Amino acid sequence: MSGARPSGFKQGGGFLNNVDGVITDYEFTTEFPGGGGDKKRKKNGKGDFTSLYMVLSARVDGADEDVSTTLFAGSADSFEITEEGKTLLPIDDAGIRANSGLGKFIASMVENGFDETELPEDEINFEPIIGQRVRFVQVVNKE
């Protein structure tokens with residue numbers, strides 16, 4: 001039985017923090033979940049900018065349903081999202097930036113044992129991460 005006493009709170013450290021689970025799906029979108037649709041925003045006074053996101057779904061160990069989190073992936077103006085939402089087609093010579101939320105997440109997976117060679121060299125598609133067991137740990141962004 002759950003109660004209001006801190007001694008009975010579930011451990012885990014927060015949303016997708018210090019928990020284990022399996023990545024179950026992802027989708028690229030320009031819509032921030034719950035954010036009300038495609039919106040342009042200014043970035044550093046350099047004009048209109050449409051954000052690109054990856055909505056990542058995972059099943060945390062012991063849970064009955066998936067949860068999702070949103071990772072910033074860069075400028076949607078630099079890519080076309082394929083119909084199924086799994087692949088980005090670069091416009092010109094665009095790519096995922098290492099300092100984006102998505103770039104840091106994928107780099108962290110590789111640093112923690114995911115084989116980078118499972119990811120394609122010739123397209124931006126992350127389907128090989130689906131089904132991977134991971135430990136989610138939130139890291140403070142000191143930037």
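**Salt bridges and a buried serine**

Hi everyone, let's start with a pair of side chains: D20 and R135 meet in a salt bridge, 3.2 Å from N to O. By salt bridge I mean a side-chain nitrogen of Lys or Arg within 4 Å of a carboxyl oxygen of Asp or Glu. This pair links distant parts of the chain, with D20 in strand 1 (residues 19–29) and R135 in strand 8 (residues 133–136), 115 residues apart.

Before I go on, please keep in mind that this is a predicted model, where local features need pLDDT of at least 70, side-chain atom pairs count only at pLDDT 80 or more, and totals for chains, interfaces and linings use all residues. Residues are numbered from 1 along each chain as its sequence is written, and side-chain values use heavy atoms, with hydrogens and water left out.

Now the overall picture. The protein has one helix and eight strands, in the order β-β-β-β-β-β-α-β-β along the sequence. Those are DSSP runs, numbered from the N terminus: helices are H or I with at least four residues, strands are E with at least two. Of the 143 residues, 32% are buried; buried is under 20% relative accessible area, exposed is over 50%, and partly exposed lies in between, using a 1.4 Å probe and protein chains only. As for contacts, meaning heavy atoms within 4.5 Å, residues 24 or more positions apart account for 59% of those with a separation of 6 or more.

Back to the charged pairs. How many salt bridges does a search of the whole structure find? It finds four. Besides D20 with R135, there is D25 with K86, at 2.6 Å from N to O. Here D25 sits in strand 1, while K86 is in the loop between strand 5 (79–81) and strand 6 (87–90), 61 residues away. Is K86 buried or exposed? K86 counts as buried, because its relative accessibility is 13%, whereas D25 is partly exposed at 33%.

D66 and R59 form another salt bridge, with their closest N and O atoms 2.7 Å apart. Both ends are partly exposed, D66 at 35% and R59 at 34%.

One last residue, S57, is found in strand 3 (residues 48–60). S57 is buried, since its relative accessible area is 17%. Which residues does S57 touch, not counting those up to four places away in sequence? They are V22, I23, T24, D25, D66, V67 and S68. You'll recognise D25 from the salt bridge with K86, and D66 from the one with R59. Thanks for listening!
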